Amino acid sequence: MDIHIYDTKQRRKRRFEPITPDHVKIYVCGPTVYDRIHIGNGLSAVVFDVLVRVLRSVFPNVTYVRNITDVDDKINARALELGIPIHDLTHECTVALHEDFDALGVLLPDVEPRATGHIEEITTMISSLIQQGHAYEAEGHVLFHVPSDPNYGSLTNKSLEDLIDGARVEVAPYKRDPKDFVLWKPSSSELPGWESPWGRGRPGWHIECSAMIREHLGNEIDIHGGGNDLAFPHHENEMAQSGCFTNNPDYVKYWIHNGMLNLGAEKMSKSLGNIQTVQALLREHSGETLRYAILSGHYRQSLKWDDELIAQSERSLTSLYQALRNSQPLVGDSATSEAYAATKSVELPEEVLVPLCDDLNTPRALAGMHELASRLNLSTDVEEATALRDQLLGAGWLLGLLTRSVADFFTQDANMAEAEIDRLIEQRTAAKAAKQYDRADQIRAELLANGIAIEDTTDGTIWKVVKQ
RNA sequence: GGCUGGGUGGCAGAGUGGCCAUGCUGCAGACUGCAACUCUGUUUACGCCGGUUCGAUUCCGACCCCAGCCUCCA
């Protein structure tokens, strides 16, 4: 199966051919840990999680590295504000990050490197860039000299003239060129710092990724991902550093950027303050519903995030589970998509895999899942229904959905004890048999008042929890 | 101003030179004691103006709007 992905640098969809077919290498920029992540951060994690799942289903060996930025001036400021040690803050936020990602069904990467664990690699690269004439020391800082890189701007299609000098960049007096950016900066004694040839200091933002990519994946990688707000300046600068270091500006074969999540017409961002944390959303909705909502739009498009989207996603997801549930009398209890992954009982369904391989078209993939669900609902043949059920679970595995058992999905968190529910259902069944419909309806209403909805099937009456 | 990406039916959101996206919602029908679930059907959809074409939502050109990046940001 060919995979095509949109490459930011070449601004076109390209067929994905790994540098070495037996080992795909992908690096994604994770968040800076100084607060709870918001759902926009979650979107990025989910998107690349699906990409990695798809890659793994096509290629035998994929190494996925997703970093954590744990040295940053915003972290320092936040720790000061809270009056706690910097390390405590980054540690707490990292634990919280893992909780939130896990709730969204995001699998752990193979390696999750931290900036603070790679200071030596960082200083090594900086020294080399100085030696090669791409960087210089000035007043305790080390700066990358942008005009020294003939390829600068080629990722985001900017000419040096376009970057209006001094317009919005900090013009420090020690900069040779206003576009020059920091590789290393001095730390006062109360700030985190490491000894270096240029004195005690800390790395600039961009160099950590260059160093961690090299350390964990080597000088060349297949895919580098992140939010499209990172394309400039972060990835452009990183490309300048790594490209100049190895003298290979194409050290990343494919650049992939996800679109932003919008609240109303505006991007959700910490600086605008219009954020919804994953933690807060999880109080009202399942992580799986949030994940469905994220996947309901194409990853490169901006996604309008609102209550209606979540509500629609919840209903759509329920209809998929409903198909599994409806098939149970015929094919037995359904496993979860994770159980499918363990057995791989059937081939992954084309109506889902094909759109995913076409630049991660998750809306079409979801349409494919609904198509399978619809056919499953119509099927009366055990063999066919079993295959459809397994295909649906396989699709769920690819998208990170259908992770709960049918029983968990429909009957968890009931307000009534199951024995009590069963007792009432028995009474209703008896009432129905005696044609005492007023009594039957009365019992049904009583259950519904407690958030329990009833469905009569040819195999008897079943129930599910509904939101009240 | 420069560089990206958009404007699709009640809502969300794919996609294509002529044929059903899909989901949710509404309406009608089947099933049901009635419901629920499921199934079936269903509402002049493609920003505006030109052009190419037998035919354009899809290609080309102009225009109008929207968002993102150019400063930290997924």
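1. A polar contact is a pair of N or O atoms within 3.5 Å, and within a protein one of the two must be able to donate a hydrogen and the other to accept it. With that in mind, consider aspartate 7 of chain A in this predicted model, whose side chain reaches the backbone nitrogen of tryptophan 255 at 2.9 Å. The side chain of aspartate 7 also reaches the backbone nitrogen of lysine 9, in this case at 3.2 Å.

2. The surroundings of aspartate 7 deserve a second look. Aspartate 7 is found in strand E1, which covers residues 4-7. Is aspartate 7 buried or exposed? Its relative accessibility is 1%, and because buried means under 20% relative accessible area, aspartate 7 counts as buried. If its neighbours within four places in sequence are left aside, aspartate 7 is in contact with Arg12, Arg14, Lys253, Tyr254 and Trp255.

3. It may help to step back to the whole chain before going on. Chain A contains 16 helices and 15 strands, and its C-alpha atoms fill a box of roughly 90 × 50 × 35 Å, taken along the principal axes. Of the 468 residues in chain A, 52% are buried. When contacts between residues at least 6 apart in sequence are considered, 74% of them join residues at least 24 apart.

4. The surface and the charges can be described in a similar way. Chain A exposes about 21,000 Å², and carbon and sulfur atoms supply 48% of that area. The chain has 45 positive and 69 negative charges, and the mean positions of these two groups are 3 Å apart.

5. Strands E5, E6 and E7 can be read together. Strands of a sheet pair through backbone hydrogen bonds, either parallel or antiparallel. Strand E5 (residues 135-138) and strand E6 pair in the antiparallel sense over four bridges, and glutamate 137 stands opposite valine 142 in E6. These two strands form a hairpin with two residues between them, and glutamate 139 in the turn has a positive phi of about 50°. E6 also pairs in the antiparallel sense with strand E7 (residues 181-186), here over three bridges, and valine 142 stands opposite tryptophan 184 in E7.

6. Which way do the side chains of E6 point? In this strand, which covers residues 141-144, His141 and Leu143 point one way while Val142 and Phe144 point the other way, and all are buried.

7. Another sheet, an open one of three strands, has the order E12-E11-E13 with mixed pairing. Strands E12 (266-267) and E13 (303-304) stand at its edges with a single partner strand each, so one side of each is left without a neighbour in the sheet. Strand E11 (residues 261-263) is joined to E13 by two bridges, and these two strands run parallel. In this pairing, the bridge partner of asparagine 262 is lysine 304 in E13.

8. Two helices invite the question of how they sit in the chain. Helix H5 spans residues 207-217, and eight of its 11 residues are buried, so H5 is largely enclosed by the rest of the structure. Among the buried residues of H5 are Ile207, Cys209, Met212 and Leu217. Just after H5, glycine 218 takes a positive phi of about 105°. For helix H6, 13 of the 16 residues are buried, so H6 too is largely enclosed by the rest of the structure. Just after H6, asparagine 247 takes a positive phi of about 55°.

9. Asparagine 237 gives a closer view of H6, the helix of residues 231-246 in which it has its place. With a relative accessible area of 4%, asparagine 237 is buried. Not counting residues up to four places away in sequence, asparagine 237 touches Tyr152, Phe181 and His206.

10. The last residue to examine is lysine 270, which has its place in the loop between E12 and helix H7 (278-284). Its relative accessibility is 27%, and lysine 270 counts as partly exposed. Leaving aside neighbours within four places in sequence, lysine 270 is in contact with Thr32, Tyr34, Arg36, His38, Asn41 and Ile275. How far apart in space are lysine 270 and threonine 123? They are 147 residues apart in sequence and 30 Å apart in space, C-alpha to C-alpha.

Note on methods. Residues numbered from 1 in each chain as written. Chains lettered and ligands numbered in written order. Predicted model: local features only at pLDDT ≥ 70, side-chain atom pairs only at ≥ 80, totals over all residues. Heavy atoms only, no water. Buried < 20%, exposed > 50% of the residue type's maximum accessible area, 1.4 Å probe, protein only. Contact = heavy atoms within 4.5 Å. Areas by Shrake-Rupley, 256 points an atom, 1.4 Å probe, with all protein chains shown as cover. Lys, Arg positive; Asp, Glu negative; His and termini not counted. Charge placed at Lys NZ, Arg CZ, Asp CG, Glu CD. Pairing = 2+ DSSP bridges.
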